Amino acid sequence: MRTKSTNYIALEFLSRSANEAFARGAVACFAAQLDPTLEELGDIKTAVSEAVTNAIVHAYPDTLGRVSVKARVLDGDVLEIVVRDWGRGIEDVERARQPLYTTGGEERSGMGFTIMESFMDRLSVRSQQGRGTRVTMRRRIQPRRPLQ
C-alpha cells in the first residue's frame, strides 16, 4: 500500500563530512512545516545525522560517492526520511543493527542504528553488497494544542 505524500524534497550530494550538517539542516527546515516541538526537531536532526554519517563513513571508506536524502510529508503528519547510498553495502544488516557493532574502527561507537531507532517511530534498513544501502525512517509529529 502506498502512502500519499503531500510535500517532498530530494537532495543529492558527495559523501563529504561537511555535507552531513547540510543534510541535517535541510531536513529540519523541511520538517518545520509540521510545527514540531524543539525536542521532536532535535530527534529528527540526530537521526538524519546518524544516517548520513553512516553513508559517508561506511559506504565510501576510501573514496567519494553519492548520498541522497529524500524527505516527504505523509498523511497523518508523518515525516518520512530516506537516506541512500550506492556504496559497498552492509554485509549483515541484523548484526549491524546491534548496539556497539561497528566496522568503522575504534573512533566509531557502533550506536548509529540504535540512535536512529530510538528517535524515530519506524526504521527499516535495506542493503546489498556492492550496491548500497537505503535507510527509511518515519516519525509522526504530534499536533500541538493551540494556546488558550
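In this predicted model, the count of aromatic pairs comes to one. The partners are Phe-13 and Phe-22, and with ring centres 6.2 Å apart and planes at 90° the pair is edge-to-face. A pair of rings like this is described by two things, the distance of the centres and the angle of the planes. The two partners sit in rather unlike surroundings: Phe-13 is buried, at 8% relative accessible area, whereas Phe-22 comes out at 44% and so counts as partly exposed. Another ring has a charge for company. The charged end of Arg-66 sits over the ring of Trp-86, 3.8 Å from the ring centre.

Stepping back to the overall layout, the chain holds four helices and five strands, and along the sequence these run in the pattern β-α-α-β-β-α-α-β-β. Of its 148 residues, 43% count as buried. Among contacts with a separation of 6 or more, 65% join residues that are 24 or more positions apart.

The strands come next. Strand 2 (66–74) and strand 3 (78–85) pair in the antiparallel sense over eight bridges, with Leu-74 partnered by Val-78 in strand 3. Three residues lie between these two strands in their hairpin, where Gly-76 takes a positive phi near 85°. Asp-77, in the loop between strand 2 and strand 3, also has a positive phi, about 60°, although it is not a glycine. With 32% relative accessibility, Asp-77 counts as partly exposed.

On the strand 5 side, strand 3 again pairs in the antiparallel sense over eight bridges, and Asp-85 stands opposite Thr-133 in strand 5. Seven of the eight residues of strand 3 are buried, so the strand is largely enclosed by the rest of the structure.

Strand 5 (residues 132–140) pairs with strand 4 (residues 122–128) as well, antiparallel and over seven bridges. One of the matched positions is Ser-124, whose bridge partner in strand 5 is Thr-136. These two strands form a hairpin with three residues between them, and Gly-130 in its turn has a positive phi of about 75°.

Turning to the helices, helix 1 (residues 18–31) has 14 residues and reaches 21 Å from first C-alpha to last, close to the 20 Å expected. Its buried residues are Asn-19, Glu-20, Ala-23, Val-27, Ala-28, Phe-30 and Ala-31. Residues three or four places apart on an α-helix point the same way, because there are 3.6 residues a turn. Strand 1 (5–14), helix 2, strand 2 and strand 3 are among the elements that cover the buried residues of helix 1. In the loop that leads from helix 1 to helix 2 lies Asp-35, another residue with a positive phi (about 55°) although it is not a glycine. Asp-35 counts as partly exposed, at 42% relative accessibility.

Helix 2 (residues 38–59) is home to Asn-54, which is buried at 18% relative accessibility, under the 20% cut-off. Beyond its neighbours within four places in sequence, Asn-54 is in contact with Ala-59, Gly-112, Phe-113 and Met-116. A contrast comes from Glu-94 in helix 3 (residues 93–96), which counts as exposed at 55% relative accessibility. Glu-94 lies 9.1 Å from Val-125, C-alpha to C-alpha, with 31 residues separating the two in sequence.

That leaves the inside of the model. In soluble globular proteins, nonpolar side chains tend to be buried together. Here, the largest nonpolar core has 34 residues, and those with the most contacts inside it are Val-69, Ile-81 and Met-137. Strand 1, helix 1, helix 2, strand 2, strand 3, helix 4 (112–119), strand 4 and strand 5 each supply at least two of the core residues. Helix 2 gives the most, with nine residues. As for Val-69, its contacts outside its neighbours within four places in sequence are Ile-9, Ala-10, Leu-11, Phe-13, Ala-23, Val-27, Val-52, Ile-81, Val-82 and Val-83. That list brings back Phe-13, the buried half of the edge-to-face pair, along with Ala-23 and Val-27, two of the buried residues of helix 1.

Key:
Residues numbered from 1 in each chain as written. Predicted model: local features only at pLDDT ≥ 70, side-chain atom pairs only at ≥ 80, totals over all residues. Heavy atoms only, no water. Buried < 20%, exposed > 50% of the residue type's maximum accessible area, 1.4 Å probe, protein only. Contact = heavy atoms within 4.5 Å. Expected span 1.5 Å × (residues − 1). Phe/Tyr/Trp six-rings, centres within 6.5 Å; stacked < 30°, edge-to-face > 60°. Lys NZ or Arg CZ within 6 Å of the ring centre and 35° of its normal. Pairing = 2+ DSSP bridges. Core = buried A, V, L, I, M, F, W, Y, C linked by side-chain atoms within 4.5 Å.
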